Amino acid sequence: MDKLLIRGGRRLQGEVPIAGAKNAALPELTAALLCAEPVTLVNVPQLQDVATMLKLLRNMGVVAERSIDAAETVTLDAKAITRPEAPYELVKTMRASILVLGPLLARLGRAKVSLPGGCAIGSRPVDQHIKGLLAMGAQIEVEHGYIVASARCLRGARITTDMVTVTGTENLLMAAALAQGETLLENAAQEPEVTDLGELLIAMGARIEGHGSSRVHVQGVDRLHAPKARHRIIPDRIETGTFLCAVVAAGGDVTLRGTRADHVDALIDKLREAGAAIESGADWIRVRADGRPRAVGFRTSEYPAFPTDMQAQLMAVNCIAEGSARVSETIFENRFMHVNELVRLGAKIEVDGHSAVVHGVPRLSGATVMATDLRASASLVIAGLVAEGQTQVERIYHLDRGYDRMETKLRALGADIERVKS
């Protein structure tokens, strides 16, 4: 099992490319199930979750070819789906596997999908997915750990989810694209990844309006086709935010290439409040930071508010900041598991239910720490970049699920970091 060794204390300097968004790539890969023609995506990140999704799709009979070239291209041909099933052994490490449910049901009228696994950051129930599909006329049973669904024909419906759910919105959006009649999705997720999926579906012939807002209208069509042009996946805003936080914590002057500042407005506001100088253009962000940052409080919420996927990383910045700050987590109930590991590095953090108060300290001290989930692992890397001595981050398979060669990119910026075998 791989681990990272980090010797802290180095400023970060230079340029870093940002990969395609994991949370856009995964639903867009499953969107290929909706048509019988080859769909080509570019800017597909090289991540473990992407590899798992490709393996799952191939297990269904999809022909998936990947070219590791400058465009990072994946072509998927779902003309012959021979096994509309997502077995537990391929699903247990990735919650996004539930995204095959809507497309399979819409196109084939049947699906058998294992209840998903993934990071232990809290229960992310799929009841809203099921509620929406039932409203569209599906018959669904949950038995022996599987969702077994069938539908002679999905029908458009007005669906209001009880909570904002990104994957739920994406699943229902894909199902509605081939349903008879009009579907109205209310309380829909507004994340850029949802908007990007909508753009792909429209390029495939779907009739969608309002994607990226809380009310999405979908007029079902009989069939979808391959996009006329290759679809480019948007930049990963969470990787963008992670590198921004790393520079603010460690200090330095770094330009992020191939990214979008408008997708991380809430984070940029907080980092400027912390004292960082940030400027941006159409596809780049430059961040400069000197000395200790100022502590900043924040509260996670649905987009466009501060993202839960950046909570751990900004908390790591607060660990070495001047002053104290309160962090409130409103999305996942178990997303403070990184706190105990940050404390091992010398951080001073008090947890009270869904909030944590971080008291900044002048320095952290290297130690062995263990990643508990994807974003927690990124926070430990950031903390290791500023800790005195050596920090060893174990169980980094979590990191590999969502970051494309993070240690390689950090090393190019001057960090002393290496991947080693246990």
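Let me start with strand β11 and strand β13, residues 215–219, which pair in the antiparallel sense over 5 bridges; please keep in mind throughout that what we are looking at is a predicted model. Within that pairing, Thr-183 stands opposite Val-218 in β13.

Now, staying with β11, which covers residues 182–186, 4 of its 5 residues are buried, meaning under 20% relative accessible area, and so the strand is largely enclosed by the rest of the structure. Strand β11 also has strand β10, residues 158–160, as a partner, and here the two run parallel and are joined by 3 bridges. If you want a residue to find on the screen, Thr-160 stands opposite Glu-186 in β11. Between these two strands the chain crosses from β10 through helix α6, residues 166–177, to β11, and this β-α-β crossover is right-handed.

Let me turn to another part of the chain, around strand β19, which spans residues 324–328. Strand β18, residues 298–299, pairs with β19 in the parallel sense, over 2 bridges, and in that pairing the bridge partner of Phe-298 is Val-327 in β19. Together with helix α10, residues 311–319, these strands, β18 and β19, make a β-α-β unit that is right-handed.

And which strand pairs with β19 in the antiparallel sense? That is strand β21, residues 355–359, which pairs with β19 over 5 bridges. Val-327 is worth finding here as well, since its bridge partner in β21 is Ala-356, while Phe-298 has Val-327 as its bridge partner in β19.

Notes
Residues numbered from 1 in each chain as written. Predicted model: local features only at pLDDT ≥ 70, side-chain atom pairs only at ≥ 80, totals over all residues. Heavy atoms only, no water. Pairing = 2+ DSSP bridges. Helix = DSSP H or I, 4+ residues; strand = E, 2+ residues; numbered from the N terminus. Right-handed = clockwise from strand over helix to strand, strands pointing away. Buried < 20%, exposed > 50% of the residue type's maximum accessible area, 1.4 Å probe, protein only.
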